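Here are three short exercises to work through with the model open in your viewer. Try each task before you read its solution.

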Amino acid sequence: MAGTLRPSLRTAIAVPFVLLFAATVLLQALTQQRHIDQLILKESERQLDSLAANTRNRLALFLGEPFRIQLSLADAIARHGLYHPGDMREIWRYLRGVYGDLYADESQISVLSFGSQQGDYAGLRRETGGFTLMLKDRSTQGALRIFAGDSPGEVTAEFPGYDPRVRPWYAPAAQSLKPSWSAIYVNRDERAEVTISAIAPVLHERNLLGVIAADVKLTGLNRFLRDEPMRGRGMVFITELDGRLVAHSEPGGVTGEGGRGERPLMRESAIALMRSASPIVDAAPTESGSGFILEHLGERYFGRVSPYSDTRGLDWRIVVLVPEADLLGEIRSAQGRSMLLIAGIALLAIALGLWGIGRVTRPILDTAAAANRLARGRWQDSPPGNIAEAATLRETALLVRAFNEMAERLQQSFGRMRDQLVYDELTRALTRRGLLEQADWIQPRAAALVLVGLDGFRAINNSLGHATGDQLLQGIAVRLREQLPGMRLARVGGDEFALLQPDLLAPLDEAGLARLGADVMALFDEPFGSGEDDILVKASAGVVGGRLPASSLVDWLRHASVALGEAKQLGRGQVVVFEPAMMERSTQRARLAMELRQALERGELRVHYQPLVALDDGRLLGMEALLRWQHPERGWIPPGSFIPVAEESDLILALGDWVLGQAMHDIARRLHSLPPDFGLHVNVSVRQLIQSDFALTLQQALRDSGLPAARLTLEITESLLLVQDAATESRLRQLRQLGVKIAIDDFGTGYSSLAYLQRLPFDCLKIDQSFVRNLSKSAQDAAIVTAVLRMAEGLGVEAVAEGVETEAEAARLRELGCTRAQGYLYGKPQEIDAWQARP
């Protein structure tokens, strides 16, 4: 028909083709994005759970210390009879002493106070650089006076008629006679700060003397939440069950400028993000945690509501809100790059299709059909490569080939992203996430989990290099995978591997779990190849077993980690089966590590000395410096309790340097009264020796103390030589060049080959006390001691017998030719002032 618009054949074919191809690629992109969003959601949930749990645990420690302190103060006031009606001098002096000396670092405590049943009151309030005294007794004529310093003097404020018995912090403890947390209230002083108090009754022969309180300001809680290390740009806030704010991590106070006044509800907050989250948080269940997603001002936030309750009076909720960008890092940008790659390849494919469309018909239709199958995720169903084989035109084949490359790259891109989350790049074992994903069963299974931790791996990395350490990890993964094919292998930490056996016929008892762990440990009896070297490395293991619901694998990994920590406490190559009581011990170790760090700062540590004598006449030849800890509340803590805790952290470096410096100063000041051949022995940990600057540190310590280098002997445990190499030998020679001596401690217990004695520079062998203890009863131990003595004589070094406790042991050692000894027979470790120079 004249005038009718008729498109060309090329246009008629090209337009539908372009539209179909673009729709296909878009469908594929949307499909990929949906899969990635699912991965992102799961990862976000896990990270939010970690942040919420970390905040909850830190909050428990933050609030736990004020509660513990006020209980201790209540007990001390009652036990020592510090309170006298009408006269609060002994009370405020005691509070000033403990607050300034013992608890000065507990910055979350703003006020320590005591109110009596007769209406007297004394409190110490923390100020910048000191404290102010708040006092009411007969000396203040019934008024509450606030002084400028920590004792009576200049009055900065006065409140007539003040009665502590009517304050919100007093009544609950006075009525229940039990320690608890008070409700949140406003202080009745010139600052009127919003506070919560840890309170406890002070009882004497069941009679109430008064109430002790440790105040925590809500502004202090705000600072605590702002210091959350995992928060990033996110927000953390705490509310009561009715939605009223307790604290938040944002600038400013909960109650507005200055921290005064009524606390608002979430929906009344000045923070817009908090108001947006208010309806969701208010609707969340109060007895369990729940997650949510919030859109605010064009940004997406992931949120988590977690209950925080304390039987002593706290019933709060912790809310964390984290921007999607903080949680996901580079995942979104990687997704964007992948989408750009898809778009670029798609444009290339469309251009190629348009160029050859005039000569291609059927192959194009086949390609579109294949693209549709690809968009549906059917990667292997009739692959597009078959079309290229049937095409007769070079141009059509090129189009199909480009499409195939696009499909392959899409699959590889998605596969790589998936692999990074599921598989460890170094060992190709599963990651922690990959192991958790494989726990996909519905019903609980009889299972066992072995968590393997390498012993001394950090020393291997430092002495042999990280490249050798990586090769060692790869070799370990290969052996575990080949020798234990029925177990799922995952690398869950730098030097930790998890082995999960999820298909047992029945749960193993404790003995069976121990055997399973021993079987795994047996794989470490042979050395591992690492490049051109063979390295013998030992490991410890924590084992968990029973019926495993898929959702409980995270808890199993945590329990196995606790058991592994117990195993490492016992020494190398140990296997420990998890018991519930270990969780409490793990918490105690963490608390002990914190207290040990404070002990070093507060000067609670002491150096004691044990004599080393000549066996023939008891003449003093030297002393060994030994670390001791006098806890202000628990008294002397044995080294076996705190040294392993220090070894687990970098604290051993500070402790070792402190002992070395203190011991050298002690002996250097007394050299004039000591024998001319007197020698100081100091133990050096593995962690100290492997530090690259240890020789310089020692040289400076010798210079500062004035102790001649020839008077110092460094004792190194024989187990250190398990990772002995050229670097260790070089380090020891550096120390010898300074003029100090080297002793091998606990000789005979740690190393299976004596070849190192030919190469390593040393001056003394210390025979382990386990051989000395049974010397008179065991011919085998006597033979070992004899062999060591002859070996020392042949090498031209000294030999010292450790742990000599009886005269019979000393006599037997003299018969065998031993000339030097150390042990309780000659003196227990004491402070330096307790020893006098011996002839």
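**Exercise 1: Cavities**

Find how many cavities of 30 Å³ or more the structure holds, then describe the lining of the largest cavity.

*Solution.* Keep in mind that this is a predicted model.
- Step 1: Three cavities reach 30 Å³ or more.
- Step 2: The volume of the largest cavity is about 150 Å³.
- Step 3: Its lining consists of 14 residues, and Y121, M134, Y162, N187 and R188 are those nearest the centre.
- Step 4: Sorted by class, this lining of the largest cavity comprises seven nonpolar, five charged and two polar residues.
- Step 5: Two strands, β1 (111–116) and β2 (121–127), each contribute at least two residues to that lining.

**Exercise 2: An open sheet**

Work out the strand order of the five-stranded open sheet, then examine how β15 and β17 pair.

*Solution.*
- Step 1: The order is β16-β17-β15-β20-β21, with mixed pairing.
- Step 2: β16 (488–493) and β21 (575–577) are the edge strands, each pairing on one side only.
- Step 3: From one strand to the next, the twist averages 20°.
- Step 4: β15 (residues 445–454) pairs with β17 (residues 496–501) in the antiparallel sense, over six bridges.
- Step 5: For L449, the bridge partner in β17 is L500.

**Exercise 3: Nonpolar cores**

Identify which residues touch the most other members of the largest nonpolar core, and which helix gives the most to it.

*Solution.*
- Step 1: Among the 74 residues of this core, Y609, L680, L712, L714 and L735 touch the most other members.
- Step 2: Helix α18 (residues 651–668) gives the most, nine residues.
- Step 3: Another core lies apart from it and has 55 residues, including M88, L95, F147 and F224.

Notes: Residues are numbered from 1 along each chain as its sequence is written. This is a predicted model: local features need pLDDT of at least 70, side-chain atom pairs count only at pLDDT 80 or more; totals for chains, interfaces and linings use all residues. Side-chain values use heavy atoms; hydrogens and water are left out. A nonpolar core is a set of buried Ala, Val, Leu, Ile, Met, Phe, Trp, Tyr and Cys residues joined through side-chain atoms within 4.5 Å. Buried means under 20% relative accessible area, exposed over 50%, partly exposed in between (1.4 Å probe, protein chains only). Helices (H or I, at least four residues) and strands (E, at least two) are DSSP runs, numbered from the N terminus. On a 1 Å grid over the protein atoms alone, a cavity is a set of points where a 1.4 Å probe fits but cannot get out, and a pocket is an open set with protein on both sides within 12 Å along at least five of seven lines; lining residues have an atom within 4 Å of a point. Grid points are joined across faces, edges and corners, and a volume is the space filled by probe spheres set on the points. Ala, Val, Leu, Ile, Met, Phe, Trp, Tyr, Cys and Pro count as nonpolar, Asp, Glu, Lys and Arg as charged, and the others, Gly among them, as polar. Two strands pair if DSSP finds at least two bridges between them. Axes are lines fitted to C-alpha atoms, for helices over the stretch in contact, and angles run from 0 to 180 degrees between N-to-C directions.
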